[in-house]
Each structure stands twice: as C-alpha cells, then as structure tokens.
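Work through the exercises below with the sequence and the structure open beside you. Each task is followed by a solution in steps.

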Amino acid sequence: MIALSSLTTFFLMKNSFEFPFGFSFDLRQVPLILSCLYGGYPVAIFGILSILVFHSYLYSDLFLNPFVITLISIFVPFMSKSFHNFTWEKKVFTATSIAMGSALITFLTAVPFTYLFKYFD
C-alpha cells in the first residue's frame with residue numbers, strides 16, 4: 001500500500017494543473033487521504049515523507065503548503081479504525097468530503113502566497 005501510494009503521489013505531482021496566474025495545483029492529498037484512512041499513522045508518516053521527497057525532487061523550491069498536509073496527517077488517521085466499519089457508500093462520501101475539503105483549503109491558502117511571492121520577485 002505504501003509503495004502504490006507513493007507512486008501515485010509522484011505521478012499526481014508530476015502532472016499538475018497550471019493556472020494562468022502562476023499557481024500549479026496537484027492532487028497529492030488524495031493518496032495521502034486514502035492511505036491515512038486505510039493504514040493509519042504508520043502509513044501517514046511514509047506518505048508525508050514521500051510528498052516531501054517528491055516535492056524537493058520535482059520542484060526544487062522550498063515552498064510547500066504544509067498546513068493541509070499536516071492537518072490531513074494528524075486528523076484523518078483518527079478515523080481509520082471507524083472507517084473500516086463504514087458501509088461502502090459512507091466510505092466514498094467520507095473520502096470524497098475530506099479530499100474536497102483539503103483541496104479547498106489548499107486553494108484558499110496557496111493562492112494568496114503565490115501572489116505574495118510573485119510581488120517579491
């Protein structure tokens with residue numbers, strides 16, 4: 001599970017969405033969320049490490065939005081044990097809700113930083 005999650009994270013980070021104002025958005029949170037839900041804290045630690053390694057390899061800058069990744073890695077594994085007892089529909093709804101919420105928080109926190117760094121260049 002860890003290797004597949006890391007490989008998926010790499011491909012999602014490699015193929016990001018580019019917005020016209022210099023902001024690139026990728027879906028690196030999705031494998032992290034799913035691995036945290038199914039694997040708990042041990043898998044979450046490897047997920048965070050793979051995101052940090054791949055980010056430094058692909059982008060070679062130090063700016064990373066750690067806010068959302070930290071929130072996911074701390075709070076989502078709490079749901080891991082109860083997540084296994086959910087019905088299939090509730091699992092899909094829970095994972096989708098967490099992914100959409102993290103994407104929204106990422107977009108709302110990263111776009112102002114993109115403009116801020118753009119003016120300092």
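**Exercise 1. The two sides of H3**

Which exposed residues does the face of H3 turned away from its buried side carry?

Solution. Keep in mind that the model is a predicted one.

Step 1. Find the helix: H3 covers residues 41-58.

Step 2. Check its length. With 18 residues at 1.5 Å a residue, H3 should span 26 Å, and its end C-alpha atoms are 25 Å apart, which agrees.

Step 3. List the buried residues of H3, taking buried to mean under 20% relative accessible area. They are Val 43, Ala 44, Gly 47, Ser 50, Ile 51, Phe 54 and His 55.

Step 4. Look down the axis of H3: these buried residues fall within an arc of 125°, so they line one face of the helix. A general rule helps here: an α-helix has 3.6 residues a turn, so residues three or four places apart point the same way.

Step 5. Turn to the face away from the buried side. The exposed residues there are Pro 42, Ile 45, Val 53 and Tyr 57.

**Exercise 2. The buried face of H1**

Determine which residues of H1 are buried and what covers them.

Solution. Step 1. H1 is the helix of residues 2-14. Its 13 residues should span 18 Å at 1.5 Å a residue, and the end C-alpha atoms are 18 Å apart, which agrees.

Step 2. Buried in H1 are Ser 5, Ser 6, Thr 9, Phe 10 and Met 13. Seen down the axis of H1, they fall within an arc of 140°, so they line one face.

Step 3. On the face turned away from that buried side, H1 carries the exposed residues Ala 3, Leu 4 and Lys 14.

Step 4. The cover over the buried residues of H1 includes H2 and H3.

**Exercise 3. From Ser 5 to Pro 31**

Why does Ser 5 count as buried, and which residues is Ser 5 in contact with beyond its neighbours within four places in sequence?

Solution. Step 1. Ser 5 has 11% relative accessibility and therefore counts as buried, the limit being under 20%.

Step 2. Leaving aside neighbours within four places in sequence, Ser 5 is in contact with Pro 31 and Ser 35.

Step 3. Pro 31 lies in H2. At 7% relative accessibility, Pro 31 is buried too.

Step 4. Not counting residues up to four places away in sequence, Pro 31 touches Ser 5, Thr 8, Thr 9 and Leu 12.

Step 5. Pro 31 and Gly 47 are 16 residues apart in sequence, with their C-alpha atoms 8.0 Å apart in space.

**Exercise 4. A nonpolar patch and Phe 25**

Which helices each supply at least two residues of the nonpolar patch?

Solution. Step 1. The surface patch, of about 880 Å², is made by Met 1, Phe 17, Phe 19, Leu 27, Val 30, Leu 34, Tyr 38, Leu 104, Phe 107 and Leu 108.

Step 2. Helix H2 (29-39) and helix H6 (88-120) each supply at least two of the patch residues.

Step 3. Take Leu 34, which is in H2. Leu 34 has a relative accessible area of 36% and is partly exposed.

Step 4. Compare Phe 25, found in strand E2 (residues 24-25). Phe 25 has 12% relative accessibility and counts as buried.

Step 5. Phe 25 touches Ser 16, Phe 17, Phe 19, Ala 103 and Thr 106, not counting residues up to four places away in sequence. Between Phe 25 and Phe 107 there are 7.8 Å in space, C-alpha to C-alpha, although the two are 82 residues apart in sequence.

Methods: Residues numbered from 1 in each chain as written. Predicted model: local features only at pLDDT ≥ 70, side-chain atom pairs only at ≥ 80, totals over all residues. Heavy atoms only, no water. Patch = residues over 30% accessible without salt bridge, like charges linked within 9 Å, V, L, I, M, F, W, Y side chains within 5 Å. Areas by Shrake-Rupley, 256 points an atom, 1.4 Å probe, with all protein chains shown as cover. Salt bridge = Lys/Arg side-chain N within 4 Å of Asp/Glu carboxyl O. Helix = DSSP H or I, 4+ residues; strand = E, 2+ residues; numbered from the N terminus. Buried < 20%, exposed > 50% of the residue type's maximum accessible area, 1.4 Å probe, protein only. Contact = heavy atoms within 4.5 Å. Expected span 1.5 Å × (residues − 1). Arc of directions from axis to C-beta.
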